[in-house]
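User: I should like to go through the reasoning behind several assignments in this structure. Please set each value against its criterion.

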Amino acid sequence: MNKDLRKAVIAGNWKMNKNPEQTKILLGEVAPLVANAKCDVVACVPFLDLPAALEAAKGTNIQIGAQNCHWEESGAYTGEIAANMLTSIGVTYVIIGHSERRTYFGETDETVNKRIRAALNAGLTVILCVGETLEQREQGITEELVALQTKIALLGVTKEELSRVIIAYEPIWAIGTGRTATAEQAGEVCGAIRKVIAALYDKQAAEAFTIQYGGSMNAKNADELLTQTDVDGGLIGGASLKAADFAEIIRAATEG
Ligand code: PEP
């Protein structure tokens, strides 16, 4: 497996933090620090902040993403946002299937699949999140579970469309807890996901496929996590809200 065959992507997941004014300030701080990044840099912000983020990111190398989208193009879905609404304002990325959506908002592998297909049809690049609970890890079913999540999520996704999908392996027990998977644990599961991609598509598609680790990645542990052969980037929650920390992770990805 050759890491050079795929692009490194560091994406911030701001979750439900920052208003439009604060969005402009934070992106204004991040932009000069990451201007020379050799990896792709993405900020996934709350829906309300998307116009401000797009404005602040103009002329920079930062791409803007949303944190979810609906599977229909329009209709009676109060509170939802369609994928084509996102592309209509210039959004290029969307996170789908984050564990917080699965845990608190009833997201299932089937709805994740529907949302992914809608996002790809609209022209977005998807960051698909998969990962296990602590109980599932202790039961020894992590790789099976993550394989199943991956297979269901990618049902109906063509090899050509796969070039606009990234998977973020996010152990649920490591998200927002300060407890990071070891580099070996992260590398192992990302490697297992790559094998699933090879089985679903082919070896070439698997080698070109970007897999991120997410779960309390920060300025201190990023180097070690990102040197793992199968870890091509990160999905960053808490640390993406601090410009200097986010920039340090981007530096690690570039050198990893
Ligand atoms: C996330 O929300 O995707 C995440 C990885 O959060 P944190 O970095 O805060 O654990």
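Analyst: The expected span of a helix is 1.5 Å times one less than its number of residues. The model considered here is predicted.

User: How do you know that the length of helix α1 agrees with what is expected?

Analyst: Helix α1 covers residues 20-34, which is 15 residues, and should therefore span 21 Å; its end C-alpha atoms are 21 Å apart, in agreement.

User: What makes the buried residues of α1 line one face of the helix?

Analyst: The residues T23, L26, L27, V30, A31 and V34 of α1 are buried. Viewed down the axis of α1, the buried residues fall within an arc of 140°, so they line one face. In general, an α-helix has 3.6 residues a turn, so residues three or four places apart point the same way. The buried residues of α1 pack against β2, α2, β3 and α12.

User: Why is N19 said to cap α1?

Analyst: A side-chain oxygen of N19 lies 3.1 Å from the backbone nitrogen of E21, at the N-terminal end of α1. A polar contact requires N or O atoms within 3.5 Å, so this pair meets the cut-off.

User: Which residues touch the most other members of the largest nonpolar core?

Analyst: I62 and I64 do, in a core of 69 residues. Helix α12 supplies the largest share of this core, seven residues. Among the residues that I62 touches are L27, V30, A31 and V34.

User: What makes the approaches of K15 and S216 to the ligand polar contacts?

Analyst: A side-chain N or O atom of K15 is 2.6 Å from a ligand oxygen, and a backbone N or O atom of S216 lies 2.7 Å from a ligand oxygen. Both pairs therefore satisfy the limit of 3.5 Å.

Terms used:
Residues are numbered from 1 along each chain as its sequence is written. This is a predicted model: local features need pLDDT of at least 70, side-chain atom pairs count only at pLDDT 80 or more; totals for chains, interfaces and linings use all residues. Side-chain values use heavy atoms; hydrogens and water are left out. A nonpolar core is a set of buried Ala, Val, Leu, Ile, Met, Phe, Trp, Tyr and Cys residues joined through side-chain atoms within 4.5 Å. Buried means under 20% relative accessible area, exposed over 50%, partly exposed in between (1.4 Å probe, protein chains only). Helices (H or I, at least four residues) and strands (E, at least two) are DSSP runs, numbered from the N terminus. Contact means heavy atoms within 4.5 Å. The arc is that of the directions from the helix axis to the C-beta atoms. A polar contact is a pair of N or O atoms within 3.5 Å; within protein, one must be able to donate a hydrogen and the other to accept it, and residues adjacent in sequence count only if both atoms are side-chain atoms.
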